[in-house]
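Please look through the structure below with the sequence beside it, beginning with the strands and moving on to the aromatic side chains.

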Amino acid sequence: MYRNTWMEVDLDAISENVKTIRNICGKKVIAVLKADAYGCGDMEVARAVLKAGAEMIAVSSLDEALMLRNKGCQAEILILGPVNPEHVEMLRRFNLAAAAYSEEWVEKAIQNGVEGIKIHMALDTAMNRIGFKKTETMLKAFTALQQAGALLEGIFTHFCCTDSDRTMTDCQYARFTKMIQALHYPFRWIHCDNSDAALFFQDSLSNSCRVGLALYGISSFTDKLRPALGFYSTISMVKQIAAGETVGYGATYTAKKAEWIATVSVGYADGFVRANQGRLVYVEGMRCEVVGRICMDQLMIRLPSLVPMGTIVELFGPHIPLAIMAAELKTIPYEIISLISGRVTRFYKEDGCLKTEKNARLIQSDIF
């Protein structure tokens, strides 16, 4: 690492969380590793969850699935998002499962040959994103796929309000149940629970859960999960400014008295967005305010006293919980970690030690 801004991913905590989730819900775990495992490193997290007992990996696209295969991942992989029907041969070639979500998709996929291809039927029970809404349409598509030789191994829906509306979740589950019962088919994978539902929603129909954010220890329904992520940088300079001096672009902050201002080597190009202005970060037992506009590569904080150059700044982690940060920014933890850019080095903790590092932008052959 040549730049002192990094993210820590605790693979031990992730492994423990998989086991905890399985113990709570009693179902097979499908680990959702979309968007490079929400920016945490797809293959690194995949190894941890599979070792801990996850039975399947889910991703959003064919590209993401192929990235895992190219890195040597041999696990079962489900693509939750749309796959171009013209590319169904890639599903067969790389042993991937795809979602069948509309009549049009099924018709075109069959034209390109689906014999032996693993399919999960996607049902839309309220999200109005992708999936079959009507039982009749679903039955027609299912029959067509079955006659074409597809391997119909799974069926799923996606809850939209598990963190806020139990009534909506119950209604979705009732629709899901009714549509599955209309098929009278022994699916290997039946899944509707996302991270939150896996930890509180008890049902007798589904046998699998799709877990994303809970892998990293974030949940509204249990305190049994271990936080697995931290985002850090360091102080590159400290100066004292006088009352009336301003800080940063647009001079949006003015010192009311003599103040210590530190420059930190992280900015919005790293994923620490400008909306963090005015929030607190953690420095050696102190909570310090981000003052002035956040720059592309740097930001400034107000210190209560002088600290040395190189002092670590926690942007989120043990002292600045990610869930609280998300609430303060009026967003969700998914967005925050997914936005951390590829130029931020990832450190991976295993067996209690930081063992490996990865930087998507630093290619060794370009230097040595």
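In this predicted model, Leu-78 stands opposite Ala-97 in β5, and this facing pair is a convenient place to begin. The two strands concerned are β4, which covers residues 77-79, and β5, which covers residues 97-100, and they pair in the parallel sense over two bridges. Following the sheet outward from there, one finds that eight strands close into a barrel, in the order β2-β3-β4-β5-β6-β7-β8-β9, and that the pairing is parallel. Neighbouring strands of this sheet are turned against each other by 30° on average, with direction ignored.

Strand β7 offers a closer view of how the barrel is built. On one side, strand β6 (residues 118-122) pairs with β7 in the parallel sense over five bridges, and within that pairing Met-121 stands opposite Ile-155 in β7. Between these two strands the chain passes through helix α7 (residues 135-147), and the resulting β-α-β crossover is right-handed. β7 also pairs with strand β8 (residues 189-193), again in the parallel sense, over three bridges, and here the bridge partner of Ile-155 is Ile-190 in β8. Strand β7 itself, residues 151-156, is mostly covered, since five of its six residues are buried.

The aromatic side chains can be followed next. The structure holds twelve aromatic pairs, and one of them joins Tyr-38 and Tyr-334 in an edge-to-face arrangement, at 5.4 Å centre to centre and with 75° between the planes. This pair links distant parts of the chain, because Tyr-38 lies in helix α2 (residues 34-39) and Tyr-334 in helix α11 (residues 333-338), 296 residues apart. Are the two partners buried or exposed? Tyr-38 has a relative accessible area of 7% and is therefore buried, the limit being under 20%, whereas Tyr-334, at 32% relative accessibility, counts as partly exposed.

The rings of Phe-200 and Phe-201 have their centres 6.1 Å apart and their planes at 75°; planes over 60 degrees apart count as edge-to-face, so this pair is edge-to-face. Phe-201 has a relative accessibility of 4% and so counts as buried. Both residues belong to one aromatic cluster, which Phe-159, Tyr-173, Phe-200, Phe-201 and Phe-221 form together.

A further ring to inspect is that of Trp-189, where Lys-28 lies over the face, at 3.9 Å from the ring centre.

Conventions
Residues are numbered from 1 along each chain as its sequence is written. This is a predicted model: local features need pLDDT of at least 70, side-chain atom pairs count only at pLDDT 80 or more; totals for chains, interfaces and linings use all residues. Side-chain values use heavy atoms; hydrogens and water are left out. Two strands pair if DSSP finds at least two bridges between them. Helices (H or I, at least four residues) and strands (E, at least two) are DSSP runs, numbered from the N terminus. Axes are lines fitted to C-alpha atoms, for helices over the stretch in contact, and angles run from 0 to 180 degrees between N-to-C directions. Buried means under 20% relative accessible area, exposed over 50%, partly exposed in between (1.4 Å probe, protein chains only). A crossover is right-handed if, with the strands pointing away from the viewer, the path from the first strand over the helix to the second runs clockwise. Rings of Phe, Tyr and Trp (its six-membered ring) pair if their centres lie within 6.5 Å; planes under 30 degrees apart count as stacked, over 60 as edge-to-face and the rest as tilted. A charge sits over a ring if NZ of Lys or CZ of Arg is within 6 Å of the ring centre and within 35 degrees of the ring normal.
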